[in-house]
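Here is a short report for a reader who is new to this structure. Please look at the model first, then read on.

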Amino acid sequence: MDETHNKSGEALPHNISLQRDEQGWFEAEGDKLAYQGNPYYLNLALQHDGIRRQLIPTKQEMMFLDTESSDPLSEGIHSPVPRMIHRYGNRVAVLVTDRCSIHCRHCFRRSFTGKGHADLSQSECDSIIGYIENHKEIQEVLLTGGDPLTLGDSSLLEILKRFRTVRDDLIIRLATRIPAVYPRRINPDLLREIGRLSPLWMVIQFNHPEELTPESRRALRIIREAGIPMVNQTVLLKAVNDDSDILARLFQGLLREGVKPYYLFQGDLARGTSHFRVPLERGWQIMDELRVKISGLAMPSYAVDLPGGGGKIPLNRSLLLRTTKTAYVFKNTEVDGREYEYPRETE
Ligand code: SF4
């Protein structure tokens with residue numbers, strides 16, 4: 001596709017006419033998650049505003065709040081081995097690459113994503129595997145990044161097979177946004193190979209029902225036919241999917257494709273993402289509305305990663321200790337029983 005390069009070096013096809021807010025981002029200098037798209041997702045973005053907002057940056061990303069952080073989940077302090085995060089006793093996450101097919105504008109790991117890090121090396125992989133072998137309490141390994149499916153077939157399979165050899169019962173989770181944003185990457189030969197590495201789950205991310213195109217449904221069918229179970233994590237995003245009708249369509253559509261809606265995530269406090277965050281009250285209201293629109297099977301769990309290393313908690317009103325003028329105070333009984341605050345933001 002014919003492309004023009006703007007002032008910041010990011011490329012967009014020259015025939016896209018940018019809105020003023022979008023133009024503002026391309027003209028701004030500063031610490032930015034680069035624009036990255038592909039023709040498939042860009043084409044969808046030009047047809048649906050809820051998808052455009054996930055792909056094309058706006059100048060609101062240059063607004064940083066004091067409550068935001070470049071490491072909103074405090075992953076840095078839970079990384080005993082490079083490229084591995086061990087925050088919960090029974091599982092670890094491994095950052096296999098920093099590349100993605102598109103850069104989602106809401107990405108919480110934006111300080112790592114697309115920053116030119118090398119892919120996971122042999123020696124880094126060795127160290128992580130050694131760590132898992134020495135920590136028998138680890139039962140699950142999440143391969144993430146970036147998006148592991150941006151690796152070539154042989155590199156991806158080599159990494160997966162190495163983790164498979166650690167222990168037969170180690171559960172591998174493969175996190176990828178590829179089925180939603182670049183479905184033609186999903187090919188039956190690769191998926192058949194991955195399907196042999198059970199127990200292995202695919203954790204995918206669809207945020208909008210218009211991402212369920214004939215191509216992405218085909219990709220989901222290929223994964224399903226390879227015998228790989230799938231769960232979906234959706235991020236609750238303002239002006240994208242903060243509407244129970246939109247989410248009901250998405251979750252029912254996923255269920256139809258054999259994908260269990262797993263989490264609806266409250267936005268993390270990543271720098272420059274405040275324009276995507278939905279107030280918690282609105283999130284709870286959406287969940288209440290969803291309960292009467294879709295079945296229990298189609299319902300995800302509404303959850304948040306508490307800032308300051310508080311870990312993930314289900315956003316049940318029963319876990320809310322109190323509400324102050326500026327924050328919601330929760331207790332995380334799973335991590336350390338301490339109180340953590342999530343800021344009270346308004347529309
Ligand atoms: S695919 Fe995942 S890691 Fe990559 S930009 Fe999107 S949310 Fe971030």
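Helices and strands are DSSP runs, numbered from the N terminus: a helix (H or I) has at least four residues, a strand (E) at least two. With that in hand, Arg83 can be placed in the loop between helix H3 (49–55) and strand E3. Phi of Arg83 is near 70 degrees, a positive value in a residue other than glycine. Keep in mind that this is a predicted model.

## The sheet of 9 strands

Start with the sheet that E3 belongs to. The sheet is open and has 9 strands. Their order is E3-E4-E5-E6-E7-E8-E9-E10-E11, and the pairing is mixed. Strand E3 (84–88) and strand E11 (311–314) are the edge strands, and each pairs on one side only. On average, neighbouring strands here are turned by 25 degrees against each other, direction ignored.

Inside this sheet, strand E5 and strand E6 pair in the parallel sense. One facing pair is Leu142 and Arg173, the latter in E6. At the E11 edge, the pairing with E10 is antiparallel. Here Val304 has Ile313 in E11 as its bridge partner. E10 and E11 also form a hairpin, with 4 residues between them. Gly308 lies in the turn and has a positive phi of about 80 degrees.

A helix covers part of the sheet. Helix H8 (residues 214–225) lies across strand E7 (200–204), strand E8 (230–235) and strand E9 (259–265). H8 runs at about 140 degrees to E8.

## The sheet of 3 strands

Another open sheet has 3 strands, in the order E12-E13-E14, with antiparallel pairing. Strand E12 (320–323) and strand E14 (339–343) each have a single partner strand, so one side of each is left without a neighbour in the sheet. Neighbouring strands of this sheet are turned by 25 degrees against each other on average, again ignoring direction. In the pairing of E12 with E13, Arg322 stands opposite Val329 in E13. Helix H10 (residues 280–293) packs on this sheet and touches E12, E13 and E14. The direction of H10 makes about 65 degrees with that of E13.

What holds such strands side by side? Strands of a sheet pair through backbone hydrogen bonds, either parallel or antiparallel. The table lists pairings from both sheets.

| Strands | Residues given | Sense | Bridges |
|---|---|---|---|
| E5 and E6 | 140–144 and 171–176 | parallel | 4 bridges |
| E10 and E11 | E10: 301–306 | antiparallel | 4 bridges |
| E12 and E13 | E13: 327–331 | antiparallel | 3 bridges |

## Cis peptide bonds

Now turn to the loops. A cis peptide bond joins Gly145 and Gly146, with omega of about 20 degrees. Gly146 is placed in the loop between E5 and helix H5 (153–166). The peptide bond from Ser198 to Pro199 is cis too, with omega near 0 degrees. Pro199 is found in the loop between helix H7 (188–195) and E7.

## The ligand

Where does the ligand sit? The ligand occupies the largest pocket. Which residues are around the ligand? They are Cys100, Ile102, His103, Cys104, Cys107, Thr113, Gly146, Arg177 and Gln205. Gly146, from the cis bond with Gly145, is thus one of the residues around the ligand. By class, the shell has 4 nonpolar, 4 polar and 1 charged residues.

Note on methods:
Residues are numbered from 1 along each chain as its sequence is written. This is a predicted model: local features need pLDDT of at least 70, side-chain atom pairs count only at pLDDT 80 or more; totals for chains, interfaces and linings use all residues. Side-chain values use heavy atoms; hydrogens and water are left out. A residue is near a molecule or strand if one of its heavy atoms lies within 4 Å of it. On a 1 Å grid over the protein atoms alone, a cavity is a set of points where a 1.4 Å probe fits but cannot get out, and a pocket is an open set with protein on both sides within 12 Å along at least five of seven lines; lining residues have an atom within 4 Å of a point. A molecule sits in a cavity or pocket if more than half of its atoms lie within 2 Å of its grid points. Ala, Val, Leu, Ile, Met, Phe, Trp, Tyr, Cys and Pro count as nonpolar, Asp, Glu, Lys and Arg as charged, and the others, Gly among them, as polar. Two strands pair if DSSP finds at least two bridges between them. Axes are lines fitted to C-alpha atoms, for helices over the stretch in contact, and angles run from 0 to 180 degrees between N-to-C directions. Contact means heavy atoms within 4.5 Å.
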